[in-house]
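Grab your viewer and work through these exercises with me. Each one sets a task and then walks through a solution.

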Number of protein chains: 2
Amino acid sequence: MASHPAGRAGTVRITDVAALAGVSPGTASKALNDTGQLRRETRERVRRAAEQLGFTPDGRGRALSSGRSYTVGLITTDSSGRFSIPIMLGAEDALSAGEMALLLCDTRDDPVREQHYVRTLLARRVDGIVVTGRRTEPREPIDVPVPVVYAFSSSTNPADASVVVDDPGGAATAVGHLLDIGRTAIAHVTGPQRHRSAVERATAAAAAAGAAFRGPALYGEWSERWGRHAAELLLRAQPDLDAVSCGSDQIARGVCERLRELGRRIPEDVAVTGYDNWDVMALACRPPLTTVDLELEELGRHAARMLLDAVAGRPHRGTVELPTRLVVRASTLPD
Amino acid sequence: MASHPAGRAGTVRITDVAALAGVSPGTASKALNDTGQLRRETRERVRRAAEQLGFTPDGRGRALSSGRSYTVGLITTDSSGRFSIPIMLGAEDALSAGEMALLLCDTRDDPVREQHYVRTLLARRVDGIVVTGRRTEPREPIDVPVPVVYAFSSSTNPADASVVVDDPGGAATAVGHLLDIGRTAIAHVTGPQRHRSAVERATAAAAAAGAAFRGPALYGEWSERWGRHAAELLLRAQPDLDAVSCGSDQIARGVCERLRELGRRIPEDVAVTGYDNWDVMALACRPPLTTVDLELEELGRHAARMLLDAVAGRPHRGTVELPTRLVVRASTLPD
DNA sequence: GGAAATTAGGAATTCGTTTTCCGGACAGAC
DNA sequence: GTCTGTCCGGAAAACGAATTCCTAATTTCC
């Protein structure tokens, strides 16, 4: 019956492994962690014993004695947004590959909750923290005695480790594509001017379009409604327009919809590009949108890897910008 | 200088608190945890000392000695989906209120990864696990020695604790609303017949509509494209249709779009209801959709509370169905 | 007034692992 | 044959809190 020598079913301690291998617990620990001076033969014997018993070190004991908890916190100000999610998943992916687990903390954009979470993470002795926001605006850094990496929203302290999207680059790529397919009269429609991402994308789009730019950029909101309205404004002011670069897929979808209703063919008469590669918008649009993918999951992965480095004693400093990826679909190239 | 008597800056142990309060560490522990027999005066003295030093118990030591880790795992098979996210957030909300932290595990629908995560969660001695899926199909239970609650997808073992959405109820509510506003010829358009949720909603919708049902239900896919196509089919077969109940907001949006293109006024000629209350679809639709909100965040909260109960020794068993909420908008009621 | 019961708090043990010392065994050098 | 050095592995001390005894000191009861 007692096929498992452990006390309670399923819980086998390192002392059980040590006993089976005929060594002391300390030696078993060294064998399993590749530390200390042990004969190869001893190491293997312990390993076999551990495997035979299905031993998994108890994270609590390990955390206590090693000083590391093999856990990191993820603080997100808004995980309901579609930006935070892929970042979280990417981070989780990279961390779990590094044998780290991720504690999720959604502050709901409330500084009090954030403070509370920071304290509980610290109480749990996390090895590090990833902080992510829902907007590209830089944010106040958190003050903690462990490594921190800021993802998507950089820290206002330029010395902190941050990883963000190359927004200007993305916008420039989209406009470059419009020029490549021969467009010569390009407008830009985007979100509120108070949003850094809107301004950065618009500025970069204008610069990339050069003489082909039909300004000024139209600022509004991040909605299909605004896209529809903007399409009307554009066509009235510039009937010869042959391309619209948009600050988001939602706006682009609205633009497409109204352009079609006004009798323009897309992309033959007017080519349209979006931004974000938000599949439900980009693919459901008629026609499907050429757009800029933010590669957020990769951003999350990158942030997590930077954090792992920092935990391992190789801290990064400063902000790194990650490239975007242009996804070409029928809104700029006929099938 | 040494304003903090603690060893390393920021880390104050219970022995520091005990020393300041003039008691032994054991007594300090009792005072702070409301256990043991202590004079009220002593308790307060210790509490003041703890507060003065900003003491937060070290989670690692606590976990080791108390046997509880104050941590639960959340296993999601697909957190990219829009269903898992609100559930996660609700769970996280309820758990953090219970002083528990949540370890995030995204299996990406890979059984191998799932197995791996289950093991690491167990190694970390989580107090319990929430399992959530992306579909309403029941799933195989996981075999672990800690409490588990299944959210959204129930366990195939009916004795396990599961909390799911009352899908038939939601569909019936939507159709009931259509009847209330006087509709007498109601069709239903939904997703693939192999999806349990599609069949359940369709069946309940038909039953609720009774004589007003214009069947059979149309099965297709969860997309706007299918919604547009279905609208054509419907109008061709039943020109006198005055209401369409849809299995998702995406389908409903497609239906609305094509109905408008075919000259029908919504809701005057045909009323349309969606399902999911997915804001980007429901609000962007012209007109905005009357739809069924799944209250997923509440579902996550409920699951977490059930888990907290189980951890506290009051396990639940069996499946509980949570009610949906009808959100009425312009697609059934003119402004 | 003495025995029994209650109360308050301290000492020591526990949780499971890692890590720091140390000592024994064995080899090579003179 | 001793002396030094290297190689293994064991014993014990962390790590930080909770908890289980226990022992005084006080109160209650007869």
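**Exercise 1. Find the residue with a positive phi just after α1(A), and work out what the helix itself packs against.**

Step 1. Go to the end of the helix: A:G22, just after α1(A), takes a positive phi of about 75 degrees. Keep in mind that this is a predicted model, so every angle here is computed from predicted coordinates.

Step 2. Now step back into the helix. α1 of chain A runs over residues 14-21, and A:I14, A:D16, A:V17, A:A18 and A:A21 are buried there.

Step 3. Ask where those side chains go. The buried residues of α1(A) pack against α2 and α3 (40-53) of chain A.

Step 4. Put the helix in context. An unreviewed UniProt entry annotates residues 12-66 of chain A as "domain: HTH lacI-type". Over that stretch the chain is 71% helix and 0% strand, with its end C-alpha atoms 19 Å apart.

**Exercise 2. Work out which helices line the two DNA strands, and which helix gives the most to each surface.**

Step 1. Start with DNA strand C. It is surrounded by 29 residues, and the closest are A:G26, A:G61, A:S65, B:G26 and B:T27.

Step 2. Sort them by element. α2 (25-33) and α4 (59-66) of chain A, along with α2 (25-33) and α4 (59-66) of chain B, each supply at least two residues of that surface. The top contributor is α2(A), with six residues.

Step 3. Repeat for DNA strand D. Of the 29 residues around it, A:G26, B:R13, B:G26, B:G61 and B:S65 come nearest. Here α2(B) gives the most, again with six residues.

Step 4. Check the chemistry. The surface near strand C has eight nonpolar, 16 polar and five charged residues. For strand D the split is eight nonpolar, 16 polar and five charged.

**Exercise 3. Determine how chain A and chain B are related, and describe the surface through which they meet.**

Step 1. Superpose the copies. A turn of 180 degrees and a shift of 0.0 Å along the axis lay chain A on chain B with an RMSD of 0.1 Å. That's the relation of a two-fold axis.

Step 2. Locate the axis. In chain A, the residue closest to it is A:L103, at 2.3 Å (C-alpha).

Step 3. Count the contacts: 29 residues of chain A are in contact with 29 residues of chain B. On the chain A side, α4, α5 (84-97), β2 (101-106) and α6 (111-123) each supply at least two residues. That side divides into 13 nonpolar, eight polar and eight charged residues.

Step 4. Compare the two sides. 100% of the interface residues of chain A are also interface residues in chain B, so the copies meet through the same surface.

Step 5. Follow one residue across. B:L102 touches A:L103 and A:L104, and within its own chain B:V72, B:L74, B:A91, B:E92 and B:L95. B:L102 is also among the residues with the most contacts inside the largest nonpolar core, which has 164 residues.

**Exercise 4. Is B:Y117 buried or exposed, and how about A:L322?**

Step 1. Place B:Y117: it is found in helix α6 of chain B. With 24 other C-beta atoms within 10 Å, B:Y117 is buried. Its contacts beyond four places in sequence are B:I75, B:C105 and B:T107.

Step 2. Place A:L322: it lies in strand β11 (residues 319-322) of chain A. This residue has 18 other C-beta atoms within 10 Å, so it is partly exposed.

Step 3. Look for a partner far along the chain. A:V165 is 157 residues away from A:L322 in sequence, yet their C-alpha atoms are separated by 5.0 Å.

**Exercise 5. Track down the unusual backbone geometry in the loops.**

Step 1. Recall the baseline: most residues other than glycine have a negative phi, and most peptide bonds are trans.

Step 2. Scan phi. A:F152 isn't a glycine, but it has a positive phi of about 75 degrees. It sits in the loop between β4 (148-151) and β5 (161-165) of chain A, and it is buried, with 28 other C-beta atoms within 10 Å.

Step 3. Scan omega in chain B. A cis peptide bond joins B:I266 and B:P267, with omega about 10 degrees. The bond from B:R286 to B:P287 is cis too, with omega near -5 degrees.

Step 4. Place the prolines. B:P267 falls in the loop between α10 (249-261) and β9 (271-273) of chain B, while B:P287 lies in the loop between α11 (279-282) and β10 (291-293).

How values were computed
Residues numbered from 1 in each chain as written. Chains lettered and ligands numbered in written order. Predicted model: local features only at pLDDT ≥ 70, side-chain atom pairs only at ≥ 80, totals over all residues. Near = placed C-beta within 6 Å. Helix = DSSP H or I, 4+ residues; strand = E, 2+ residues; numbered from the N terminus. Nonpolar A, V, L, I, M, F, W, Y, C, P; charged D, E, K, R; others polar. UniProt positions renumbered as here; feature names shortened; annotations may be inferred. Least-squares fit on C-alpha atoms with pLDDT ≥ 70 in both. Contact = placed C-beta atoms within 7 Å. Core = buried A, V, L, I, M, F, W, Y, C linked by C-beta atoms within 7 Å. Buried ≥ 20, exposed ≤ 12 C-beta atoms within 10 Å, placed from the backbone.
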